[in-house]
2 protein chains.
Amino acid sequence: MLIGELAERAGTSPRTLRYYEEHGLIHPRRDANGYRQYDDGELRLVHEIRSLLADGFGVDDIKPFVACLRAGNSAGHVCPDSAAVLRRRLAEVDGYLDQLTVVRDRLRSQLEEIKCQMNP
Amino acid sequence: MLIGELAERAGTSPRTLRYYEEHGLIHPRRDANGYRQYDDGELRLVHEIRSLLADGFGVDDIKPFVACLRAGNSAGHVCPDSAAVLRRRLAEVDGYLDQLTVVRDRLRSQLEEIKCQMNP
DNA sequence: CCTTGCCTTGACGCCGGTGTCAGGGCATAC
DNA sequence: GTATGCCCTGACACCGGCGTCAAGGCAAGG
């Protein structure tokens, strides 16, 4: 499978796949051409990567998950290193949720205040 | 009041104040020197700006609030334009909260899964 | 006069995942 | 031969609020 086909099957772009490779997430073989050659395992990997990115992980955070999968585990998050990253990210997300909740409440109360002024 | 003093009183930096000015949020007078000259009204304005920024508004979003204050209103959010921005931002924040909640639940369930494997 | 310290404008750096363009090779079909 | 379409590497653009450095002016104290 060449890079274009993998990109399409993974719902992304060749540029993106080269970026993942540049950052050590995937290691495709090369044809005599120099063309990157991927197999179905890489497709699964890319799906995992994109899922983690969608959850807000950074590329560096994802490396332990990839290593875990490559070590033969059925899921990327069952290894200790991945779990540590998971916990860190969970704490981060909880923090963002708290912050956003505070902001939302402020916004709501300001909008409430306006409504009251309209019906004095 | 010169820019350094205002910056310190507002808890920020001269660079930041020049940035606000560059984007049309404040309009200080100039001394014969060319030095920016601020009064206490600008200090209040800067506090308002920084509060809005902390709530996730962009510089452009803030303009209506500043205009509202300059129009003599006691608060920046009581004008129709500001209210519209408030509603837009509230919807945005609600969206982020939904997304983050989904992510948090996924992270939690993955961590749960690991705990279960440790006590089989 | 010289230093110190504030002020001025202008411009580049950051962060991070991708888009996009430039310039060139390979492969297949006509 | 050439047209098409994929591949390659390398590099700049983006967004946005601000840090930071450069190069220079102004004010005041020794």
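How do the residues of the surface near DNA strand C divide into nonpolar, polar and charged? Here are some notes to help you find your way around.

1. **The answer, and a caution.** The surface near DNA strand C divides into seven nonpolar, six polar and four charged residues. Keep in mind that what you have on screen is a predicted model. Confidence is given for chain A: its pLDDT averages 95, and 98% of the residues score at least 70. Within chain A, strand β2 (residues 36-37) has the highest confidence, at 98, while α5(A) has the lowest, at a mean of 93. As a general habit, where pLDDT is low, the predicted coordinates should not be read in detail.

2. **Around DNA strand C.** In total, 17 residues surround DNA strand C. If you want to click on the closest ones, they are A:Ser13, A:Gly58, B:Leu2, B:Gly4 and B:Arg36, so you will be looking at both protein chains. As for the elements, α2 (14-22) of chain A supplies at least two residues of this surface, and so does each of α1 (3-10) and α2 (14-22) of chain B.

3. **Around DNA strand D.** Now turn to the other strand. DNA strand D is surrounded by 17 residues, and the closest are A:Leu2, A:Gly4, A:Arg36, B:Arg15 and B:Gly58. Here α1 (3-10) and α2 of chain A each supply at least two residues, as does α2 of chain B. By class, the surface near DNA strand D has seven nonpolar, six polar and four charged residues.

4. **Chain A, element by element.** Chain A has five helices and two strands. Going along the sequence, you meet them in the pattern α-α-β-β-α-α-α. Don't expect a ball, though: the radius of gyration of chain A is 21 Å, well over the 14 Å that the globule rule gives for 120 residues, so chain A is more spread out than a compact globule. Its C-alpha atoms fill a box of roughly 80 × 30 × 20 Å along the principal axes.

5. **Burial and contacts in chain A.** Of the 120 residues in chain A, 22% count as buried. Looking at contacts in chain A with a separation of 6 or more, 43% come from residues 24 or more positions apart.

6. **How the two copies are related.** Two copies of a chain are related by a rotation about an axis and a shift along it. In this model, chain B is superposed on chain A by a rotation of 180° with 0.0 Å of shift along the axis, at an RMSD of 0.0 Å. That is the relation of a two-fold axis. To find the axis from chain B, go to B:Leu97, whose C-alpha is the nearest to the axis in that chain, 3.3 Å away.

7. **Where the chains touch.** The contact takes 24 residues from chain B and 24 residues from chain A. On the side of chain B that touches chain A, there are 12 nonpolar, five polar and seven charged residues. What surface do the copies use to meet? They meet through the same surface, because 100% of the interface residues of chain B are also interface residues in chain A.

8. **Two glutamates to look up.** A:Glu113 sits in helix α5 (residues 80-118) of chain A. A:Glu113 is partly exposed, with 13 other C-beta atoms within 10 Å. How far apart in space are A:Glu113 and A:Arg87? Their C-alpha atoms are 39 Å apart, for 26 residues of sequence. The other glutamate, A:Glu22, belongs to helix α2 of chain A and counts as exposed, with 10 C-beta neighbours inside 10 Å. From A:Glu22 to A:Arg44, 22 residues apart along the chain, the C-alpha separation is 18 Å.

9. **Around the strands of chain A.** A:Arg29 lies in strand β1 (residues 29-30) of chain A. Is A:Arg29 buried or exposed? A:Arg29 counts as exposed, because there are 10 C-beta neighbours inside 10 Å and the cut-off for exposed is 12 or fewer. The C-alpha atoms of A:Arg29 and A:Asp39 are 9.3 Å apart, with their positions 10 residues apart along the chain. A:Asp31 is in the loop between β1 and β2 of chain A, and is exposed, with 10 other C-beta atoms within 10 Å. A:Asp31 and A:Leu2 are 29 residues apart in sequence, yet 9.5 Å apart in space, C-alpha to C-alpha.

Technical notes: Residues numbered from 1 in each chain as written. Chains lettered and ligands numbered in written order. Predicted model: local features only at pLDDT ≥ 70, side-chain atom pairs only at ≥ 80, totals over all residues. Near = placed C-beta within 6 Å. Helix = DSSP H or I, 4+ residues; strand = E, 2+ residues; numbered from the N terminus. Nonpolar A, V, L, I, M, F, W, Y, C, P; charged D, E, K, R; others polar. Contact = placed C-beta atoms within 7 Å. Rg over C-alpha atoms; globule rule 2.2 N^0.38 Å. Buried ≥ 20, exposed ≤ 12 C-beta atoms within 10 Å, placed from the backbone. Least-squares fit on C-alpha atoms with pLDDT ≥ 70 in both. pLDDT = per-residue confidence, 0-100.
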